[in-house]
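Here is a short briefing on one protein chain. Look at the sequence and the 3D view, then work through the points below.

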Amino acid sequence: TRNTTLNGGGSTAAAKFSVLTVGTAGNLTTNGVNFTNGYAPAAHGGGAIYNNSGGSVSVQGGTFSSNTSGNGIGGAIYSNGGSLSVNAATFNSNAAPTFLDTIVGGGAIYDASGAAGSISYSKFAGNSTADVGGAVDIAASTTLNHDIFTGNTAYEGGAIFFNTASVTLNGTTMKSNTETFGGGVFYERSEERRVGKECRSR
């Protein structure tokens, strides 16, 4: 079977929208679907997938490229409530830019799901945000398994930022992620200090 590509038209599209929106208690599974040029309106995040109503989102494979969040949170995927799992997906050049001087984050993914989630065997390259979590901004209990983070950028947490959440990293690879303050991983609520060349806690 061939992969399916959904193209949102980018910021120049006449109507700006997340490519897919999950309704209240909805259940979305994508398998080998590519998302490109999604551009969420200013009201919400997730240029590719927007889940803000307690829905369940499962991503299996596929590539997310050049998606942008209108409100600066979750360039490709915004998940608040419900659950999020991502497996063997690729996230390239997604962005969560500045929005009205508010805190923004998660160049590729913003996850504040109510249920424990996972991001496994996925690759994040060249994603960016003006604030926290160049690739991923996490505010939910999440396990990251064997993911690769390369060349992502942020003010804090070049690759990953997490805040008041339980996050487990298993076999995670990080290379050349950059941030203005700290390293590749930044935890806002910890008293721990630098734990590696690209890992930082505060």
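What percentage of the 202 residues of the protein chain count as buried? The figure is 52%. Keep in mind that this is a predicted model. The chain has 25 strands and zero helices.

**The whole chain**

- The accessible surface of the protein chain comes to about 8,500 Å². Carbon and sulfur atoms account for 48% of that surface.
- Take the contacts between residues at least 6 apart in sequence. Of these, 73% join residues at least 24 apart.

**The nonpolar cores**

- The largest nonpolar core holds 31 residues. I49, F64, F91 and I109 have the most contacts inside it.
- Five strands give two or more residues each to this core: strand 4 (33–36), strand 6 (56–60), strand 9 (83–87), strand 16 (136–138) and strand 20 (160–162).
- A second core is separate and has five residues. Among them are I73, Y78, Y110 and A112.
- Which residues does F64 touch, beyond those up to four places away in sequence? Its partners include F35, A48, I49, V59, A76 and I77. The list also includes A89, T90, F91, N92 and N94.

**Aromatic pairs**

- The whole structure contains six aromatic pairs.
- The ring centres of F64 and F91 are 4.6 Å apart, and their planes meet at 10 degrees. Planes under 30 degrees apart count as stacked, so the F64 and F91 pair is stacked.
- This pair links distant parts of the chain. F64 sits in strand 7 (residues 63–65) and F91 in strand 10 (residues 90–92), 27 residues apart. Both F64 and F91 are buried.
- F124 and F149 also form a stacked pair. Their centres are 4.8 Å apart, with 5 degrees between the planes.
- F124 belongs to strand 14 (residues 123–125) and F149 to strand 18 (residues 148–150). They are 25 residues apart, so to speak of distant parts of the chain being linked is fair here too. F124 and F149 are both buried.
- Ring pairs join F35, F64, F91, F124 and F149 into a cluster.

**Strand 12 and its neighbours**

- In a regular strand, side chains alternate between the two faces of the sheet.
- Strand 12 (residues 109–112) has I109 and D111 pointing one way. Y110 and A112 point the other way. Are these four residues buried or exposed? All are buried.
- Strand 8 (residues 77–80) pairs with strand 12 in the parallel sense, over four bridges. Y78 has Y110 as its bridge partner in strand 12.
- Strand 12 and strand 16 also run parallel, joined by three bridges. Here the bridge partner of Y110 is D137, in strand 16.

**Strand 4 and N34**

- Strand 4 is covered on both faces. V33 and F35 lie on one side, N34 and T36 on the other, and all are buried.
- Why does N34 count as buried? Its relative accessibility is 16%, and buried means under 20%.
- A polar atom of the N34 side chain lies 2.9 Å from the backbone nitrogen of T63.
- Strand 4 and strand 7 run parallel and are joined by two bridges. T36 has S65 as its bridge partner in strand 7.

**T142**

- T142 is found in strand 17 (residues 142–145). T142 is buried, with a relative accessible area of 3%.
- Which residue's side chain makes a polar contact of 3.4 Å with the side chain of T142? That residue is D111.
- T142 also touches residues more than four places away in sequence, including G117, S118, I119, S166, V167 and T168.

**G133**

- G133 lies in the loop between strand 15 (128–129) and strand 16. G133 is buried, at 0% relative accessible area.
- G133 and I160 are 27 residues apart in sequence. In space, they are 4.7 Å apart, C-alpha to C-alpha.
- Neighbours within four places aside, G133 is in contact with residues including G105, G106 and G107. Its contacts also include A154, E156, G157, A159, I160 and F161.

Terms used
Residues are numbered from 1 along each chain as its sequence is written. This is a predicted model: local features need pLDDT of at least 70, side-chain atom pairs count only at pLDDT 80 or more; totals for chains, interfaces and linings use all residues. Side-chain values use heavy atoms; hydrogens and water are left out. Buried means under 20% relative accessible area, exposed over 50%, partly exposed in between (1.4 Å probe, protein chains only). Contact means heavy atoms within 4.5 Å. Accessible areas come from the Shrake-Rupley method with a 1.4 Å probe; for residues, only the protein chains shown count as cover. A nonpolar core is a set of buried Ala, Val, Leu, Ile, Met, Phe, Trp, Tyr and Cys residues joined through side-chain atoms within 4.5 Å. Rings of Phe, Tyr and Trp (its six-membered ring) pair if their centres lie within 6.5 Å; planes under 30 degrees apart count as stacked, over 60 as edge-to-face and the rest as tilted. Two strands pair if DSSP finds at least two bridges between them. A polar contact is a pair of N or O atoms within 3.5 Å; within protein, one must be able to donate a hydrogen and the other to accept it, and residues adjacent in sequence count only if both atoms are side-chain atoms.
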